[in-house]
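Here are a few notes to read alongside the structure. Keep the viewer open and look up each place as we come to it.

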2 protein chains.
Amino acid sequence: MTDAEAIKLSLESSGVRCTAQRYAVMAFLMENNRHPTAAEIFEAVNRMDPRSSRATTYNNLRDLVQAGLVREVAVEGRAARFDATGMKHHHFICDHCGNVEDMDWYDVPRPASVSLGERILRESELIFRGLCAKCALRQ
Amino acid sequence: MTDAEAIKLSLESSGVRCTAQRYAVMAFLMENNRHPTAAEIFEAVNRMDPRSSRATTYNNLRDLVQAGLVREVAVEGRAARFDATGMKHHHFICDHCGNVEDMDWYDVPRPASVSLGERILRESELIFRGLCAKCALRQ
DNA sequence: TTTCAAATTTAGATATAATCTAATTCTTGA
DNA sequence: TCAAGAATTAGATTATATCTAAATTTGAAA
């Protein structure tokens with residue numbers, strides 16, 4: 001199976017129609033684990049054909065997040081970043097440049113059920129903060 | 001020591017001058033562990049005297065975050081939220097309403113140093129996601 | 001294949017959140 | 001008291017994201 005078919009299949013098995021614009025967003029995220037912003041994705045997709053408007057790029061990111069194929073990472077004071085949820089991983093966010101990097105996955109202990117109360121837990125994510133390698137060297 | 005004196009002292013020992021506007025922001029956050037947005041803090045402070053402009057509210061939040069007295073929590077698709085970093089805690093973010101709630105603290109395992117590489121780790125935070133008690137009951 | 005309703009896309013306007021500007025006021029220490 | 005730096009201000013501006021309404025595309029039913 002080609003990559004293209006694999007992407008198409010993963011979209012459709014998640015209940016998302018595989019349109020050309022949606023495919024382009026997904027393909028870009030799968031070959032770029034650099035956690036681009038929506039603006040960067042919009043720009044990248046528009047270097048190809050078919051093009052995609054800003055609204056469509058945002059709509060498709062929202063649809064892919066809802067389908068669980070893409071994760072949105074909010075960063076303090078900066079634009080949100082996106083990545084394909086292929087392999088489980090945690091995130092490192094740089095205090096200085098705001099870049100988001102993948103960190104190896106490991107299981108996180110669940111909160112005590114008394115502490116959880118009536119809440120329904122969907123996932124636990126670990127965010128590491130500090131200076132990324134590039135910014136650490138510069139300081 | 002009164003609460004007011006304690007707040008003043010904690011600001012000054014963190015190298016932040018205790019102005020009336022800055023005090024108001026800090027006092028509001030200390031008596032409200034509901035993780036208000038900047039807009040909510042701005043509004044709350046302006047029900048008191050002296051008032052504070054929007055720019056000052058944002059400036060002071062930034063100063064308090066830099067001093068380590070306040071934490072900013074970015075939430076996907078919503079305004080950032082703030083809380084006083086009094087006691088260590090983790091956060092629960094509701095998928096549905098976006099509210100941020102405190103969760104009991106427990107130590108998080110450090111990433112393996114090989115995985116960390118040249119990065120400098122400052123802190124590890126755990127974010128739980130799902131439905132808060134209120135939204136869980138409604139679904 | 002043809003047809004049509006629903007889904008998707010679009011450009012541009014609008015909304016929301018946060019920051020910037022430059023003038024003013026306040027505070028502190030000499 | 002005075003000067004210099006720090007803080008505050010109103011309003012403009014920027015950055016990010018969403019909305020609108022019209023046009024286009026899609027896929028399933030006929």
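Which kind of contact do the side chains of Arg129(B) and Glu123(A) make?

1. Let us begin with that pair. The model is a predicted one, and in it the side chains of Arg129(B) and Glu123(A) form a salt bridge, with 3.8 Å from N to O. The rule used here accepts a distance within 4 Å, so this pair counts. As a general point, side chains of opposite charge can pair when their charged atoms come close.

2. That salt bridge has company. Eight salt bridges are found across the interface of chain B and chain A, while the whole structure, over all chains, holds 24. Polar contacts were counted too: 18 residue pairs make one between chain B and chain A, with both residues at pLDDT 80 or more.

3. Which parts of chain B touch chain A? The elements that give two or more residues to this side are strand 1 (70-75), strand 4 (100-103), helix 5 (113-116), strand 5 (120-131) and helix 6 (133-138) of chain B. Strand 5 of chain B gives the largest share, 12 residues. Sorted by class, this side of chain B has 19 nonpolar, four polar and 13 charged residues.

4. Now for the extent of the contact. Chain B brings 36 residues to it, and chain A brings 36 residues as well. About 3000 Å² of area is buried between the two chains, and carbon and sulfur atoms give 58% of that.

5. Strand 5 deserves a second look, this time in both chains. Strand 5 of chain A (residues 120-131) is joined to strand 5 of chain B by 11 bridges, and the two strands run antiparallel. To find one of these bridges in the viewer, start at Leu121(A), whose bridge partner in strand 5 of chain B is Gly130(B).

6. How are the two chains related? Chain B is superposed on chain A by a rotation of 180° with 0.0 Å of shift along the axis, and the RMSD is 0.1 Å. The two copies are therefore related as by a two-fold rotation axis. The same surface serves both copies, since 100% of the contact residues of chain B recur in chain A. Among the residues of chain B, Leu126(B) comes closest to the rotation axis, with its C-alpha at 2.3 Å.

7. Next, look at one chain by itself. Chain A has six helices and five strands, and along the sequence they follow the pattern α-α-α-α-β-β-β-β-α-β-α. The C-alpha trace of chain A spans about 45 × 45 × 30 Å along its principal axes.

8. For a salt bridge within a chain, try Lys8(A) and Glu12(A), whose side chains meet at 3.6 Å, N to O. Both residues lie in helix 1 (residues 3-12) of chain A, four residues apart, which is about one turn of the helix.

9. Finally, chain B offers a hairpin to trace. Strand 3 (residues 90-94) and strand 4 of chain B run antiparallel and are joined by four bridges; in one of the pairings, His90(B) has Met103(B) as its bridge partner. Five residues lie between the two strands of this hairpin, and in the turn Gly98(B) has a positive phi of about 80°.

Methods
Residues numbered from 1 in each chain as written. Chains lettered and ligands numbered in written order. Predicted model: local features only at pLDDT ≥ 70, side-chain atom pairs only at ≥ 80, totals over all residues. Heavy atoms only, no water. Least-squares fit on C-alpha atoms with pLDDT ≥ 70 in both. Contact = heavy atoms within 4.5 Å. Buried area = accessible area lost by both parts, 1.4 Å probe. Polar contact = N/O pair within 3.5 Å; in protein donor to acceptor, adjacent residues only side chain to side chain. Nonpolar A, V, L, I, M, F, W, Y, C, P; charged D, E, K, R; others polar. Pairing = 2+ DSSP bridges.
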